[in-house]
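Dear colleague,

Please find below the structure that I am handing over to you. My notes on it follow directly after.

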Amino acid sequence: MIKEDVNDHEDSEPSVCERNGMIPMHEQSEGPTADAKGTDGNIQTEETALLNHCIQQPPEPTAGSSIPARTWRQIFACPPQGLLAQTVTNVAFVVLVWAVVWSITGAECLPGGNLFGILFLYFFAVIGGKIFGFIKIRTLPPLPALLGMLLAGFLIQNTPFISDLVQINLRWSAALRNIALSIILTRAGLGLDPKALQKLKAVCLRLAFGPCLSETCTAAVLAYLFLHLPWQWGFILGFVLGAVSPAVVVPSMLILQAGGYGVEKGVPTLLMAAGSIDDILAITGFNTCLGMAFSSGSTLYNVLRGVLEVAVGIAAGGILGMFIRYFPSHDQASLAWKRSYFVLGLSMFAVFGSIYFGFPGSGGLCTLVLAFVAGVGWSDEKREIEKIVAVAWNIFQPFLFGLIGAEVSVTSLRPETVGLCVAILAIALVVRIVATFLMVSFAGFNFKEKVFVSLAWIPKATVQAAIGSLALDTARRHQDEQLEKYGMDVLTVAFLAILITAPIGALVIGLAGPRLLQKAQTNSKEDGEGAEAGEEAEACEPS
């Protein structure tokens, strides 16, 4: 009876050993048995019978036979799982977004409509960024995803049949780029570290101001001589080129820092801190020159107006920053989300409101100041806000680079103009590299470290995409064909700068870093932490 009960139990459900994947000790020596009696001839209990009837675990299958079979089982599983399920989900998500928007807007979401063009461009920019994200070379930082987004927009604009289907209203395009600009400026303001700035002091300021101003002045003179731009527009182009890209430099520096390269002398920290100041200087100078270029009056009036816009931006940013520093208060729920809403909302209002009130140069500076003042007050709590703002940037980044790429049409580019733009870019970069080397000559670095810092200042991407088209947008609002031509020249230089310097800069940093920087001596624990930080750095989305 006991044996029948046991067999019935075995038929109804798997044994304990089967569930746990265990092999009984007696089976390992004697093999399986169906006898209800033990070795001593006594009748076994239900528990010992269960152990005796456990089926032996089959041997581990070889990799060559199991992995393909397992993969095929996952692909053709019902319901689908793994990659197939993820692909179906993503396609269904895209189709659902389009269907919902179409059900609300109608023809606007059909081919040739404005919303169709925006959605089409956005999703293809995301796909382009993912494709470039898959391109990984050992010992090198990953290629920036923004290049894939930029090229996706460029291909959509310059592919005959697709360009007829994708039509985006210029006002919508400018608004989406301005939203992305406000998010970039917010991240730059929050990213400024007062402690690091105080520690690095003079060398950080020299590295931020010297190369940026040198490249700006060089590009302005060359634009005046080669492209025949007025001086104000020459400096607009110069400040567009003068900014270094945090989306390329920061992830590359984090990878080197995780590996211990240049850590003892603080080279990665110096470059990240100085890069933020460099971007702020370039954006501030650009906005000031932009206001002067589109204002009527004498030269003295334009200069005073530019100074006034800077003062208004700093004052407004300080007041708004102090407000969101204390409101919402610490005792409120969902504090990080409320603070993120205020800082992003006020940043967008500052960028768009400054244009409405006739002070276009003050909006960007106001955003930088309010984010910095608020971040200083929030101290360590700002990390949560930075994460939320980073999510907003990940959403709008494809809009920014995709729309910038879509602004450049091959038919509108003259070969001589492209050649002159490349020449201006190359000469200005050489001047920047030399100026950077001189700025760090008396900072305690050896020759190899000076060379690395100079080469790390090459990449350009995020700021160029954010402000490169603002001059063209402003010229379109004034409906002046000559100013639109100047704006198109500035945009062309910005496009070429991103396309050429972003991949070259990322490769140069990845190749030169381990060879030119000294590696810090770490113990095994620190090595483990460094490897973990390196994995996090590789997962970073360039800002």
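**Trp378 and its surroundings**

Trp378 is buried, with a relative accessible area of 1% (buried means under 20% relative accessible area, exposed over 50%, and partly exposed in between, with a 1.4 Å probe and protein chains only). This is a predicted model, in which local features need pLDDT of at least 70 and side-chain atom pairs count only at pLDDT 80 or more, while totals for chains, interfaces and linings use all residues. Residues are numbered from 1 along each chain as its sequence is written, and side-chain values use heavy atoms, with hydrogens and water left out.

Trp378 belongs to helix α17 (helices are DSSP runs of H or I of at least four residues, strands are runs of E of at least two, and both are numbered from the N terminus). Leaving out residues up to four places away in sequence, Trp378 touches Leu190, Ile324, Arg325, Arg339, Val343 and Ile385 (contact means heavy atoms within 4.5 Å). For one of these partners, Arg339, the C-alpha atom is 9.7 Å from that of Trp378, although 39 residues separate the two along the chain.

**The nonpolar core**

Val343, a contact of Trp378, also appears in the largest nonpolar core (a set of buried Ala, Val, Leu, Ile, Met, Phe, Trp, Tyr and Cys residues joined through side-chain atoms within 4.5 Å). This core has 126 residues, and those touching the most other members are Trp233, Ile236, Leu237, Leu271, Val343, Leu400 and Phe452. Helix α23 (residues 481-516) supplies the largest share of the core, 16 residues.

Ile236 is in contact with Phe286, Cys289, Leu290, Ala293, Ala471 and Val490, when neighbours within four places in sequence are set aside. Thr216, in helix α11 (residues 194-227), counts as buried because its relative accessibility is 1%. Beyond residues up to four places away in sequence, Thr216 touches Phe235, Gly238, Phe239 and Gly242.

**Cysteines**

The model has zero disulfides (a disulfide is a pair of cysteine sulfur atoms within 2.5 Å). Cys289 is in no disulfide, and the nearest cysteine sulfur, that of Cys217, is 9.9 Å away. Cys289 counts as buried because its relative accessible area is 13%. Cys366 is likewise buried, with a relative accessible area of 4%.

**Cavities**

There are two cavities of 30 Å³ or more. Here a cavity is a set of points, on a 1 Å grid over the protein atoms alone, where a 1.4 Å probe fits but cannot get out, and lining residues have an atom within 4 Å of a point. Grid points are joined across faces, edges and corners, and a volume is the space filled by probe spheres set on the points.

The largest cavity holds about 140 Å³ of space. Its lining has 15 residues, of which Asn178, Leu290, Ile355, Pro360 and Leu470 lie nearest the centre. Two or more lining residues come from each of α10 (170-191), α14 (267-293), α16 (335-356), α17 (362-378) and α22 (470-478). Helix α22 gives the most, with four residues. By class, the lining divides into seven nonpolar, six polar and two charged residues (Ala, Val, Leu, Ile, Met, Phe, Trp, Tyr, Cys and Pro count as nonpolar, Asp, Glu, Lys and Arg as charged, and the others, Gly among them, as polar).

The second largest cavity has a volume of about 50 Å³. Among the residues that line it are Val244, Pro246, Leu271, Asp279 and Trp457. Helices α13 (246-258) and α14 each give two or more residues to this lining, and the largest share, five residues, comes from α14. The lining has seven nonpolar, three polar and one charged residues.

**Helix α22 and the backbone**

The buried residues of α22 are Leu470, Ala471, Leu472, Asp473, Thr474 and Ala475. They are covered by elements including α10, α12 (231-242), α14, α18 (382-407), α21 (462-467) and α23.

Gln479, just after α22, takes a positive phi of about 55° and lies in the loop between α22 and α23. Gln479 counts as exposed because its relative accessibility is 70%.

The loop between α15 (299-326) and α16 holds Pro328, and the peptide bond from Phe327 to Pro328 is cis, with omega near 5°. Ser334 lies in the loop between α15 and α16 and, although not a glycine, has a positive phi of about 50°.

With kind regards

Technical notes
On a 1 Å grid over the protein atoms alone, a cavity is a set of points where a 1.4 Å probe fits but cannot get out, and a pocket is an open set with protein on both sides within 12 Å along at least five of seven lines; lining residues have an atom within 4 Å of a point.
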